[in-house]
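User: I should like to learn how to read the features of a structural model. Please give the general idea of each feature before the case at hand.

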Amino acid sequence: MHESVRKELEELEKEKATIDNKANTMVRRELWAGLGFLVVQTAAFMRLTFWELSWDVMEPICFYVTSMYFMAGYTFFLRTSKEPCFEGFYQSRFSSKQKSLMKLHNFDIQRYNELRAKAPPSSSIIGHKKL
């Protein structure tokens with residue numbers, strides 16, 4: 001591998017690592033926001049169940065909310081062909097954020113993949129999978 005090509009690959013790998021770190025941070029924020037939403041929702045349901053209303057009122061509401069979450073998970077599976085689990089959701093969101101950041105930063109993924117294919121396996125400084 002020529003020195004100039006190796007140098008170009010190293011630069012692209014550094015740029016991709018930066019993009020991946022940003023995408024990871026963005027997805028982690030989304031996941032923490034989702035956890036916050038679920039905590040607030042659970043607290044609100046508890047308040048409504050035990051102080052404001054009653055279980056007779058809240059039971060069907062909880063059932064339909066749970067059904068909507070199930071439908072959202074099923075829709076996620078239909079759209080992504082990934083298991084509707086936390087890891088599947090993370091991977092899907094990461095991929096989406098990564099692609100949008102690559103577009104925003106004009107990252108040439110085709111050139112990156114070409115250089116990675118030409119490079120010996122041990123020459124990678126970061127070691128990302130081919131997209």
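Analyst: Let us begin with exposure. A residue counts as buried under 20% relative accessible area, as exposed over 50%, and as partly exposed in between. Please note also that this is a predicted model.

User: How does that scale apply to Ser-81, and where is Ser-81 found?

Analyst: Ser-81 is found in the loop between α2 and α3. Its relative accessible area is 62%, so Ser-81 is exposed. The backbone of Ser-81 also deserves attention: its phi is near 60 degrees, a positive value in a residue other than glycine.

User: Which residue in the loop between α3 and α4 has a positive phi although it is not a glycine?

Analyst: That residue is Asn-106, placed in the loop between α3 and α4. Asn-106 has a phi of about 50 degrees. With a relative accessible area of 67%, Asn-106 is exposed.

User: How should I read the secondary structure of the chain as a whole?

Analyst: One counts the helices and strands, then reads their order along the sequence. Here the chain has four helices and zero strands, and the pattern is α-α-α-α.

User: What does the radius of gyration say about the overall form of the chain?

Analyst: The value is set beside that of a compact globule with the same number of residues. For 131 residues such a globule would have a radius of gyration near 14 Å, whereas the chain has 22 Å. The box filled by the C-alpha atoms, taken along the principal axes, is roughly 75 × 25 × 25 Å.

User: How much of the chain is buried, and what makes up the exposed surface?

Analyst: Of the 131 residues, 24% count as buried. The chain exposes about 9,800 Å², and carbon and sulfur atoms supply 61% of that area.

User: How are the charged side chains to be read?

Analyst: One considers both their number and the placing of the two sets. The chain carries 19 positive and 15 negative side chains. The centres of these two sets lie 4 Å apart.

User: How does one recognise the buried side of a helix, with α4 as the example?

Analyst: One asks which residues are buried and how they are arranged around the axis. In α4, residues 109–118, the buried residues are Tyr-112, Asn-113 and Leu-115. They cover an arc of only 165 degrees around the axis, and therefore lie on the same side of α4. The face turned away from that buried side carries the exposed residues Gln-110, Ala-117 and Lys-118.

User: What covers the buried residues of α4?

Analyst: The cover includes α1, which spans residues 3–52.

User: How can I tell whether contacts join distant parts of the sequence?

Analyst: One takes the contacts between residues at least 6 apart in sequence and asks what share of them joins residues at least 24 apart. In this chain the share is 68%. A single residue may be examined in a similar way. Arg-93, found in helix α3 (residues 86–104), is in contact with Val-27 and Glu-30, leaving aside its neighbours within four places in sequence. Arg-93 has a relative accessible area of 22% and is therefore partly exposed.

User: How far apart in space are the C-alpha atoms of Ile-61 and Phe-45?

Analyst: Such a separation is read together with the distance along the chain. Ile-61 and Phe-45 are 16 residues apart along the chain, and their C-alpha atoms are separated by 9.1 Å. Ile-61 is found in helix α2 and is partly exposed, with a relative accessible area of 36%.

User: What are the corresponding values for Thr-66 and Glu-83?

Analyst: Thr-66 and Glu-83 are 17 residues apart in sequence and 18 Å apart in space, C-alpha to C-alpha. Thr-66 is placed in helix α2, residues 55–80. At 53% relative accessibility, Thr-66 counts as exposed.

Technical notes:
Residues numbered from 1 in each chain as written. Predicted model: local features only at pLDDT ≥ 70, side-chain atom pairs only at ≥ 80, totals over all residues. Heavy atoms only, no water. Helix = DSSP H or I, 4+ residues; strand = E, 2+ residues; numbered from the N terminus. Rg over C-alpha atoms; globule rule 2.2 N^0.38 Å. Buried < 20%, exposed > 50% of the residue type's maximum accessible area, 1.4 Å probe, protein only. Contact = heavy atoms within 4.5 Å. Areas by Shrake-Rupley, 256 points an atom, 1.4 Å probe, with all protein chains shown as cover. Lys, Arg positive; Asp, Glu negative; His and termini not counted. Charge placed at Lys NZ, Arg CZ, Asp CG, Glu CD. Arc of directions from axis to C-beta.
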